[in-house]
Amino acid sequence: MARAVNNKRRAVVTLIAWAVGIAIFFPILYTVLTSFKTEAEAVASPPSFLFFDWTLENYAEVQERSNYFLHFLNSVVISLGSTVLGLIIAVPAAWSMAFFPKKRTKDILMWMLSTKMLPPVGVLVPIYLLFRDASLLDTRTGLVIVLTMINLPIIVWMIFTYFKEIPGEILEAARMDGANLWDEVVYVLTPMAIPGIASTLLLNIILAWNEAFWTLNLTAAKAAPLTAFIASYSSPEGLFYAKLSAASTMAIAPILILGWFSQKQLVRGLTFGAVK
Amino acid sequence: MGSITLSNVKKAFGDTVVIPSIDLEVNNGEFVVFVGPSGCGKSTLLRMIAGLEDTSGGTIAIDGQDVTDLSAAKRGLAMVFQSYALYPHMTVRKNIAFPLKMAGLPAVEVDKRVAAAANVLNLNDYLDRRPGQLSGGQRQRVAIGRAIVREPTAFLFDEPLSNLDAALRVNMRLEISELHQTLGTTMIYVTHDQVEAMTMADKIVVLQAGRVEQVGSPLDLYRNPRNKFVAGFIGSPKMNFIDGEEAAKENAATIGIRPEHIELSTESGRWKGTVAVSEHLGSDTFVYVNVDGVGHLTARVEGERPVSHGDTVWLSPVAGRIHRFDAQDMTL
């Protein structure tokens with residue numbers, strides 16, 4: 001009897017899980033499918049799902065009309081740059097907060113997190129003006145700086161959580177063994193925190209890759225990453241769904257592939273410390 | 001050389017004074033044990049000597065040189081932690097070699113010393129394993145190996161056997177004592193276990209609430225405790241304390257008699273009582289007796305004694321083995 005109830009419950013839960021999974025994945029799938037349709041088929045009603053004339057012409061046209069590789073390169077530089085810069089700042093910060101906590105450490109952590117609750121548009125004008133005066137508008141450097149600042153609280157929090165898991169006695173043992181601060185960080189702390197640092201790195205690359213608010217507002221052409229490349233297809237000439245879909249597919253493909261290969265690392269990283 | 005001198009060493013965490021002031025001399029080659037109940041400041045004192053904790057006042061000198069402001073890495077001491085504190089991502093070999101690598105020794109010398117340490121500690125078969133694949137005793141041996149390779153001025157042990165089971169604890173106790181005999185290096189050992197203190201130490205430092213209650217050899221502390229606290233802390237089972245009329249007869253506020261200095265008879269004696277519990281260990285029998293007007297007394301008698309719950313027995317202190325204390329708990 002109990003087994004029957006259990007099986008029934010499992011079936012229901014499985015069904016819900018699949019439904020949620022499909023609901024989340026459907027827009028991506030539909031985008032990819034649309035990218036292989038003609039513009040006419042893309043807006044046809046009712047839409048055809050699989051039985052249409054498959055074509056690659058959207059991809060060819062997108063390639064021709066805009067410089068995909070420039071945007072791709074911008075995305076790579078901006079997401080990697082902001083992540084590496086963020087880690088360089090976050091590792092020492094998290095180290096001091098995890099191993100030498102002071103009375104206000106928790107407050108500082110909360111304050112850092114609270115900056116994520118601020119609507120970005122609230123600081124758009126001052127940042128825009130600062131960037132204009134510093135000649136940072138439409139530069140990769142500018143975007144690296146702004147994305148580092150935006151994601152720094154998350155990086156610090158994640159690394160802090162991983163460092164908290166490392167027993168302080170191990171670092172003390174290293175100190176007793178004659179290690180100076182540099183040796184301690186390089187030979188003991190970092191190797192032990194590598195899984196955590198790797199997942200922070202991955203997550204932050206994804207966040208920076210997908211960031212659209214600042215990249216759209218602070219760039220025009222030269223430094224525009226793939227998010228701006230997608231946006232350029234919802235243009236004043238009207239909506240070209242098939243081409244927009246092709247551009248979107250090309251923009252999300254690299255990060256989707258990266259995410260797919262690193263999903264184990266990501267899940268482990270995000271649940272690290274949740275269960276002892 | 002490895003003499004350590006503490007002069008007027010103080011420690012406070014904010015407004016909480018943990019160690020008001022301690023003066024202590026540890027001679028070269030001595031095995032000194034800091035013992036005391038939890039929270040007495042013994043680990044803090046050790047960590048201050050190690051350089052892992054700042055002092056709030058006073059000076060610490062190693063071989064006459066003031067090291068109070070020197071970092072842990074530069075004091076030339078080695079420490080074994082309660083949690084072993086091994087580097088989990090390194091093999092046993094790399095763990096032991098780590099301090100040598102930090103000292104910048106050539107690879108040939110490193111290999112030689114690691115091999116020597118592994119020999120002494122029976123770790124040859126485990127050199128390529130990681131700490132996670134070792135048992136508690138093996139891990140503790142690796143931690144000791146890591147300490148001995150650097151040939152430090154002194155070894156510091158912070159309750160190193162607390163995480164081991166009883167049988168292993170006895171073995172490791174012997175191994176550490178043997179190591180001390182072999183190396184002849186100064187060792188400072190922190191424990192709350194007075195049996196460890198009694199069996200291993202050349203000199204015991206009994207601490208309570210950040211104060212040194214008494215310093216002396218194990219037998220000195222056993223025979224001549226300076227006050228009631230030391231008398232009660234050293235010795236197992238604990239000393240019996242009796243106050244009131246019986247103490248007054250001895251011209252003291254309290255008298256103390258060790259369980260092994262109480263004679264038990266089923267016919268006659270000074271105090272008549274009823275057996276509450278008797279524990280038969282084979283070699284000894286611990287008899288817990290309720291005595292009217294005196295309280296609970298523990299007697300330790302050699303061999304097997306056929307007494308059990310409810311039996312009437314007589315207890316008498318061995319002449320000349322009664323400790324007398326005044327109203328301030330100091331020995332008279």
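Okay, a definition to start with: when I say domain, the bounds come from an automatic or database domain assignment. For chain A, that assignment gives domain 1 (2–59) and domain 2 (66–232). The C-alpha centres of those two domains of chain A sit 34 Å apart. Chain B is also split, into domain 1 (4–231) and domain 2 (253–325), and there the C-alpha centres lie 38 Å apart.

Quick housekeeping. This is a predicted model, where local features need pLDDT of at least 70, side-chain atom pairs count only at pLDDT 80 or more, and totals for chains, interfaces and linings use all residues. Residues are numbered from 1 along each chain as its sequence is written, with chains lettered from A and ligands numbered from 1 in the order in which they are written.

Now, the record. UniProt, in an unreviewed entry, puts "transmembrane region" on residues 12–33, 68–96, 108–131, 143–163, 184–209 and 240–261 of chain A. Those positions are in the numbering used here, feature names are shortened, and annotations may be inferred rather than shown by experiment. Let's look at two of these stretches. Residues 143–163 of chain A are 100% helix and 0% strand, with the end C-alpha atoms 28 Å apart. Residues 184–209 of chain A also come out at 100% helix and 0% strand, and there the end C-alpha atoms are 33 Å apart. Helices here (H or I, at least four residues) and strands (E, at least two) are DSSP runs, numbered from the N terminus.

For chain B, UniProt lists "domain: ABC transporter" over residues 4–234, again from an unreviewed entry. That stretch of chain B is 36% helix and 26% strand, and its end C-alpha atoms are 25 Å apart.

So how many residues of chain A are in contact with chain B? It's 15 residues of chain A against 18 of chain B, contact meaning that the C-beta atoms, placed from the backbone, lie within 7 Å. On the chain A side, the elements giving two or more residues are helix H8 (168–176) and helix H9 (181–210). H8(A) has the largest share, 6 residues. By class, the chain A side has 8 nonpolar, 2 polar and 5 charged residues. For those classes, Ala, Val, Leu, Ile, Met, Phe, Trp, Tyr, Cys and Pro are nonpolar, Asp, Glu, Lys and Arg are charged, and the others, Gly among them, are polar.

Stay with H8(A) and H9(A) for a moment. Their axes come within 10 Å and cross at roughly 135°; axes are lines fitted to C-alpha atoms, for helices over the stretch in contact, and angles run from 0 to 180 degrees between N-to-C directions. That makes the pair oblique, given that under 35 degrees counts as roughly parallel, over 145 as roughly antiparallel, 65 to 115 as roughly perpendicular and the rest as oblique. Where they meet, H8(A) brings Ile170(A), Leu171(A), Ala174(A) and Arg175(A), and H9(A) brings Asp183(A), Glu184(A), Val188(A) and Leu189(A). That contact has 5 nonpolar, no polar and 3 charged residues.

Over in chain B, helix H2 (residues 92–102) packs with helix H4 (residues 136–148) at about 30°, axes 7 Å apart, so H2(B) and H4(B) are roughly parallel.

Two backbone details to finish. The peptide bond from Ser236(B) to Pro237(B) is cis, with omega near -5°. And Ser135(A), in the loop between helix H6 (124–133) and helix H7 (140–164) of chain A, has a positive phi, near 55°, without being a glycine.

Conventions
Two residues are in contact if their C-beta atoms, placed from the backbone, lie within 7 Å.
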